[in-house]
Amino acid sequence: LVLILDFGSQYTQLIARRIREASVYCEVYRYDLPIERIREIAPRGVILSGGPSSVYGEGAPHISAELFSIGVPILGICYGMQLLSHLLGGKVERGAEGEYGPALVRATRAAGVFGRFKDGDVLDVWMSHGDKVTGLPPGFSTLGTTDTTPFAAIADDERHIYGLQFHPEVAHTRRGKELLEAFLFDVCGLEPTWTPASFVEASVEAIRKKVGPDASAVCGLSGGVDSSVAAILCHRALGDRLVCIFVDNGLLRKGEAEQVVKMFGDHYHLRLVHVQAQKRFLDALSGVTDPEQKRKTIGRVFIEVFEEEAKKIEDCRFLVQGTLYPDVIESVSAKGPSAVIKSHHNVGGLPERMKLGLVEPLRELFKDEVRAVGATMGIPHHLLWRHPFPGPGLAVRCLGPLTEERLNVLREADAIFEEEIREAGLYDKIWQSFCVLLPVRTVGVMGDERTYDEVIALRAVDSKDGMTADWSRIPHEVLARASARIINEVRGVNRVVYDVSSKPPATIEWE
Ligand code: XMP
């Protein structure tokens, strides 16, 4: 295991991703992880991340210098390098103007983390720092320099401590991968053993151990990537002692319920409870048009339905959840509590209420790793790469009163838009695309008839993580085809518009 100590860099998760990509397991902790814990974890290597602070700043995050004497290889990146230089007796100064952006580092000595380069190699790197090291700590020597930064990469060969003023984890640092691999494999002596297949094997083992030989577990299956992968993994471990509850809330996309039943029931032979709760949800939502109230109502009814079903399972003592690593990391950079823009629906309170233990087989994984694990277990591409779909489903895309008729109109229009997006080869390039039904009626003309129908808004966005997004520049012809088909094929719609708002200030979903 490689331990990453986070000092608040925006790139900390990227460091973790790069290491996982090299098939080495790593974990991220806040910088103030006690030294005793570090000894217990017994990492094979430690990486000190970058961060926004200055080592001399008030309240700047520090670590115990003891870390340097436990005999583990250490790589300090940016602030991490300044900190280790400072703690080991080097000199760190506030740079006159700092250095931000691309730079060229000349390798002056091919050793340690530079061991896969040749003397004189010139490396494209990404710099982003204010302070810099101006005097080496005793025992250190230079591995690389730039015109303005004499100590761009430094090493203490004896103790295997390295510092980089630039960021090897970002794509702009072209040979960053070789550098990190030199650290992992040559310096730390690790092996590339962290693969999706090895994860599945270890995880099945761990789930069996946790649940024990007799107990059963329940899993809420939504058809989304995370719950699907979690369910199939637990099924491998527990067989029929896993019961999956699929709640059809009547707010799903066209054909979705059938797909879930076919795939998990017929194909994977999971014990699947398909709860037909469409009416119950629609009744509870009748007359509710406020977005927050919709979300809360759906969350509440879901928990009621789920709890009723889970209670019927004999010896059920565990709840399976598809929690991912980004939700678990206690990093400095993780955002604190922020204003509630939309209350997401989850089953957070259930385990305590029902006295269930938690099984979270994906809590060590990033999203791309979840997909890789899913692919290893044979889950089809179209499911693993389906666009994200919100828990409250079509309810937050059907503005105004929620009726079965209006939901059907939305479902049909949405299916057409998805078809056209796929047909144009855009589906995998777009983060999310969907339709929204507006409670606005406008006048149209069809044949010789006047129509007075509702409006569909098309929404498609490009994004990396859903936190920020820009509207997709979909070719006009694709929009034209989708619009023509929706107006012609879906009764109740006579006008289609395209949403050209970015997030922020808009959000991806309309409610
Ligand atoms: P917004 O609309 O806040 O959405 O820009 C950001 C991302 O989150 C999804 N989303 C949800 N996902 N439960 C979920 O699991 C929810 O209640 C929920 N609301 C929004 C949205 O689809 C987008 O990908």
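**Entry 1: His167**

I began with His167, which sits in the loop between strand S9 (161-164) and helix H4 (176-187). The model I am reading is predicted. I asked whether His167 is buried or exposed. I found it buried, because 23 other C-beta atoms lie within 10 Å and the cut-off for buried is 20 or more. I then listed its contacts, leaving out neighbours within four places in sequence: Tyr11, Gly50, Ile77, Cys78, Trp126, Ser128 and Thr173.

**Entry 2: the annotated site**

I looked up the record next. The unreviewed UniProt entry lists Cys78, His167 and Glu169 under "active site". These residues span 92 residues in sequence, yet no two of their C-alpha atoms are more than 11.3 Å apart, so I take them as gathered at one spot.

I went on to Cys78, which I located in the loop between strand S4 (74-77) and helix H3 (79-87). I counted Cys78 as buried, with 27 other C-beta atoms within 10 Å. Which residues does Cys78 touch, not counting those up to four places away in sequence? I noted Ser9, Gly50, Ser128, His129, Gln165 and His167. Gly50 and Ser128 appear in the list for Cys78 and again in the list for His167. I also checked the backbone of Cys78 and read a positive phi of about 55°, although the residue is not a glycine.

**Entry 3: strands S7, S8 and S9**

I followed the chain back from His167 to the strands before it. S8 and S9 pair in the antiparallel sense, and I noted 4 bridges. In this pairing Ala153 stands opposite Leu164 in S9. The hairpin of S8 and S9 has 4 residues between the strands, and there I found His160 with a positive phi near 55°.

S8 also pairs with strand S7 (residues 141-145), where I noted 3 bridges and an antiparallel run. Ser141 has Ala155 in S8 as its bridge partner.

I then looked at which way the side chains of strand S8 (residues 153-156) point. Ala153 and Ala155 point one way, Ile154 and Asp156 the other, and all are buried. I marked Asp156 as a charged residue in that buried set.

**Entry 4: the parallel sheet**

I moved to the open sheet. What is the order of its 5 strands? I read S12-S11-S10-S13-S14, with parallel pairing. At the edges I have strand S12 (271-276) and strand S14 (357-359), each of which pairs on one side only. Neighbouring strands are turned by 30° against each other on average, direction ignored.

I checked one pairing at the edge. Strand S13 (residues 316-320) is joined to S14 by 3 bridges, and the two run parallel. Phe318 has Gly357 in S14 as its bridge partner.

I then looked for helices on the sheet. Helix H6 (residues 225-238) packs on it and touches strand S10 (216-220), strand S11 (242-248), S13 and S14. I noted about 165° between the direction of H6 and that of S10. Helix H9 (residues 291-311) also packs on the sheet, touching S10, S11, S12 and S13. For H9 I noted about 145° against the direction of S11.

**Entry 5: Asp315**

I checked the connection out of H9. Asp315 is in the loop between H9 and S13. Its phi is near 60°, a positive value in a residue other than glycine. Is Asp315 buried or exposed? I recorded it as exposed, because 10 other C-beta atoms lie within 10 Å and the cut-off for exposed is 12 or fewer.

**Entry 6: the ligand shell**

I looked at the ligand next. How many residues surround the ligand? I noted 13, the closest being Pro390, Gly391, Thr507, Ile508 and Glu509. By class, I split the shell into 4 nonpolar, 6 polar and 3 charged residues.

**Entry 7: cis peptide bonds**

I finished with the peptide bonds at two prolines. The bond from Lys503 to Pro504 is cis, with omega near -15°. The bond joining Pro504 and Pro505 is also cis, and its omega is about 10°. I placed Pro504 in the segment after strand S18 (493-498), and Pro505 is in the segment after S18 too.

Definitions and conventions
Residues numbered from 1 in each chain as written. Predicted model: local features only at pLDDT ≥ 70, side-chain atom pairs only at ≥ 80, totals over all residues. UniProt positions renumbered as here; feature names shortened; annotations may be inferred. Contact = placed C-beta atoms within 7 Å. Near = placed C-beta within 6 Å. Pairing = 2+ DSSP bridges. Axes fitted to C-alpha atoms, helices over the stretch in contact; angles between N-to-C directions.
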